[in-house]
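Student: Could you take me through one part of this structure up close? I'd like the sheet first, and then whatever connects to it.

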Amino acid sequence: MVVAVVSLPALAYEVAGQPAEKTDTLAEVRAHHELRWGNDSQGGAPYVFQDPMDPNHLIGFEVDLADALAKKLGARARPIQGQWDKLLELLARGDFDIALNGIEVADEKKRVALLSRPYYAAEERLTVRRGDATAPRTMEALAGRKVGTLPGSLAERILKRAGADVRTYDGGQNEIYDDLRLGRTDAVLLDFPITRFYGEIEPVLEVVPGSLGAVQYAIALKLGDDALKAEIDRGLEALAQDGTLASIYGRWGLWNDETSKLFNGMQAPNVLPEQYDAWRAAVGKNPPFWQRVRERYPKMMGLFLQGAALTLVVSLLSMMLAVALGVTLALMRTYGPKPLQFLAVAYIEFFRGTPLLIQLTMIYFGLPELGLKLNPFVAGWLALGLNYASAEAENYRAGLASVPGGQLDAARTLGLTKMQALRHVVAPQAFRVAIPPATNDFIALLKDSSLVSVVTLTELTKTYENLASATRDHLGLGVVVAFWYLLMSLPFARLSRWVELRLGRHLRRAV
Amino acid sequence: MSIRVIELEKRHPGASAPALSGLSLDIGAGKVAAVLGRSGAGKTTLLRCLVGLDVFDRGAIEIAGTRIDSASAALGKLSGQVGLVFQSFELFPHLSVLENCTLAPMRVKGRTRDQAEGRAKELLAQLNLADKMHAYPEELSGGQKQRVAIARALAMEPSVLLYDEPTSALDPSLKHEVGKTLRRVAETGVTQIMVTHDLPVAREAADVVFVLDAGKVAEFGPPVEVLGTPRTDAARALIEFS
């Protein structure tokens, strides 16, 4: 798991081109006694991941490192979830103080962030199927072969240079090694820690001896945070000297000579690789499904409940915004003067015709350039609400169109104002027509709300991805998460049917 | 209350000929008038101008001494004074019969629910609808719907009540009822004007008949005269046609 982050040079430029805000994160860390560090627990072992034995805990060698480092700064480490390929953008936005999650030292990153001294060095290692005589085992043999790796990584660049047919994966390490095992790829090239935790533990896989390259990890900081960087560098040196660093790497089975050299020949640790062994024991083979249902899944209830609650709250609030705005837009389009009609149409076409992900990215990462920095929840709520308003507007427009014009005339001749007529006569009839499609939209929104994980919110889907990645149990947990989604969507389908019948009681009694 | 229409003119946007070209008429309080004429003679436009759904270009309308000219002819000005019973009734399908009759008095006149319901129940009883108060429009026959539409309009206590083709949506056997209903409403002093093609109903229920042609009144008088011994081509054509 190696961060690529800004593989788009243009974007990198834009972020770098921003006027450097005056930041003094060090002072803030000291004042609040808290070091907020960004990571993506979906990335998996051994960096930052949910403990397969107790998913309520985040573990990993970088968790231990962040804790130790924060202590040196007189603070407590607080992990903040962020999508891995967005970590540097989130950092620039100020969502956390540092990003610490297998971030590779590379020149293009230095344009958008400060990098600390490296804290870990690793070889790029090749994994193949055991006993596969035709498998590529050297750099030369890679040409034209299907090889899996993580996008934007040093490994990817090496593979491209070697002329391999590169397959990259956004999800996590599991998929990369699954595809190798299933024969969809011929080899995997990745950093030593990943190879150790995903390749070595598989009996059917074989890690090829020898290195194809060397990578270093560093901590990323906001541009201009030189004081904090100096303090972090000093902290890392101190951890190396007092043996803490060596002990962390040792317990995770990650000790190597390259890292020792990074810190002037740091002494080898005298500890057992207990965390590595625990991982091996936990995920080597998943227990049978019913045993997982009885023993493991109940422990995950709390996490799923949190994720589901966030999904539900953000969806409900977004739907409220979408309905309120959608009704306004539909009224503007149906009854408003020309300029308002035009505005409504422009709004609807824009938000309906562009991807929600882009809208969310613009709101969360783009608006700060204009000085408007929204918190993740508000940004997610706004993006979903604004986007779905366009769908709702069309629903209500169809509803309004279904009410005969004579109804409005009749209400007007009785002396009702246009607003009163719309509210008491037209709207209730239109609403009933709009309910079934609106329910569909809400259920779609419930699912689309998984996009807010891009802006650091761990909702239901992200919870699933993290847990599945940590426990390597995609199928079983998939059933669990499907159950949670249905638990939320089915009652709304029922509720909408009930409301529809109630509003339509004049029709139900009809012959 | 009496109603006077003075030199009313109206041209629809884009139309080659005016819909109303100097139409005048005068109807006494509590009278029932029938407005006849072939399609395009201006009947519907007259109704829509009287009720305020259309704005006229020139002329004036006087109701109970209140004068409305083209500048002030907005819906708000006439609302409550003039009611309209639509050809298709346009009852509010999502509201019960009683709610249809109380919506406007409560929202427009600020009546309390009790006041509005009390008055609506009286009107519904007068129109033989007491047992249908809680029914929804879908459950009513054509004649019942029409009487609800009348009750709904009367609940606003208008001076003038207009009918657009009151017999066209009814079963032939019910047409006779319309005349009776109109006479009953006339007893309350409300002036009524119906636009119709139905000469028998005009004969039976109207005190005065107006024949429209090309946007103005061609001939008017008691039904026996106008429909018995017509003096104009417009009136003669109507009688031959029917």
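**The open sheet and the cavity beside one of its strands**

Tutor: In this predicted model, chain B has an open sheet of six strands, ordered β6-β7-β8-β3-β9-β10, with mixed pairing. The edges belong to β6 and β10 (216-221) of chain B; each has a single partner strand, so one side of each is left without a neighbour in the sheet. Direction ignored, neighbouring strands here are turned by 20° against each other on average.

Now zoom in on one pairing. Strands β3 (residues 32-36) and β8 (residues 191-195) of chain B run parallel and are joined by four bridges. One pair to click on: B:Ala33 has B:Ile193 as its bridge partner in β8(B). As background, strands of a sheet pair through backbone hydrogen bonds, either parallel or antiparallel.

Back to β6, since this strand turns up again in a cavity lining. The structure holds two cavities of 30 Å³ or more, and the largest has a volume of about 40 Å³. At least two lining residues of that largest cavity come from each of α17 (405-413) of chain A, and β6 (82-85) and α5 (142-154) of chain B. The biggest contributor is α5(B), with three residues. If you want to select the lining, pick A:Ala410, A:Thr413 and A:Leu414, plus B:Gly83, B:Leu84, B:Phe86, B:Ala149, B:Arg152 and B:Ala153. By character, the lining splits into six nonpolar residues, two polar and one charged.

Conventions. Residues numbered from 1 in each chain as written. Chains lettered and ligands numbered in written order. Predicted model: local features only at pLDDT ≥ 70, side-chain atom pairs only at ≥ 80, totals over all residues. Heavy atoms only, no water. 1 Å grid on protein atoms, 1.4 Å probe; cavity = no way out; pocket = protein on both sides within 12 Å on 5 of 7 lines; lining within 4 Å. Points joined across faces, edges and corners; volume = space filled by probe spheres on them. Nonpolar A, V, L, I, M, F, W, Y, C, P; charged D, E, K, R; others polar. Pairing = 2+ DSSP bridges. Axes fitted to C-alpha atoms, helices over the stretch in contact; angles between N-to-C directions.
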